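User: Could you walk me through a pocket and a core in this model? I'd like the reasoning along with each result.

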Amino acid sequence: KLFSTTNTHIIFVRGNHDDPSYFTDEKINYSNIICVPDYSVVKTFDHNILCVGGAISVDRIWRKQQEIRLNKYKQSNPKKLFWENEAPILNENILNELKENDIKLDMVVTHTSPSFSQPHFKDTAIGWFKTDPKLKEDLKKERNIMDSLYKLLRNEHDIKVWSYGHFHIYFEDLIDEK
């Protein structure tokens with residue numbers, strides 16, 4: 001009610017620790033608080049914002065082990081700590097639809113970031129490499145997906161702002177490649 005009276009809107013983009021069904025099945029869908037599916041375009045008075053969720057959990061092996069431990073004796077409603085489809089994807093079909101419908105984006109909100117953005121390497125991942133031999137490769141793939149997304153967007157759109165939160169730290173960079 002407060003958000004409605006103050007015209008405040010909260011839009012959740014899928015993170016790596018989030019149940020994807022909340023973003024595809026509209027489990028949270030109030031007048032001023034929603035979870036949006038990946039590749040949703042949020043239109044405001046002044047902006048068209050592309051929202052793309054997903055990222056790799058550096059602690060995914062630990063999360064899978066804890067999930068088994070937590071649910072060992074549960075008969076119903078198992079506790080989820082990890083989702084296999086947590087990583088971001090590159091959906092060129094939706095980007096092509098935007099182009100066909102002449103929808104111009106000027107902002108992007110993702111959970112993780114392209115490789116040219118800070119931090120360039122997630123230091124906290126190093127310790128997890130010992131228990132997860134594919135982690136380093138998967139983190140590189142994740143960044144490559146975001147790099148590909150950026151390259152596709154910059155050719156068709158004038159992106160002014162790209163925001164992300166996966167790394168839990170604040171950076172502000174001015175990047176001008178054009």
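User: Which residues line the second largest pocket?

Analyst: Happy to help! This is a predicted model, so local features need pLDDT of at least 70 and side-chain atom pairs count only at pLDDT 80 or more, while totals for chains, interfaces and linings use all residues. Residues are numbered from 1 along each chain as its sequence is written, and side-chain values use heavy atoms, leaving out hydrogens and water. On a 1 Å grid over the protein atoms alone, a pocket is an open set of points where a 1.4 Å probe fits, with protein on both sides within 12 Å along at least five of seven lines, and lining residues have an atom within 4 Å of a point. The lining consists of Asn7, His9, Ile11, Val13, Val42, Lys43, Thr44, Phe45, Ile49, Cys51 and Val109.

User: Which elements give two or more residues to that lining?

Analyst: Elements here are DSSP runs numbered from the N terminus: helices (H or I) of at least four residues and strands (E) of at least two. Two elements qualify: β3 (40–43) and β4 (48–52).

User: Which element supplies the largest share of the largest nonpolar core?

Analyst: Such a core joins buried (under 20% relative accessible area, 1.4 Å probe, protein chains only) Ala, Val, Leu, Ile, Met, Phe, Trp, Tyr and Cys residues through side-chain atoms within 4.5 Å. Among its 13 residues, Leu50, Leu95, Leu149, Leu153 and Trp162 touch the most other members. At least two residues each come from β4, α4 (92–100) and α5 (135–156). The largest share, four residues, belongs to α5.

Note on methods:
Buried means under 20% relative accessible area, exposed over 50%, partly exposed in between (1.4 Å probe, protein chains only).
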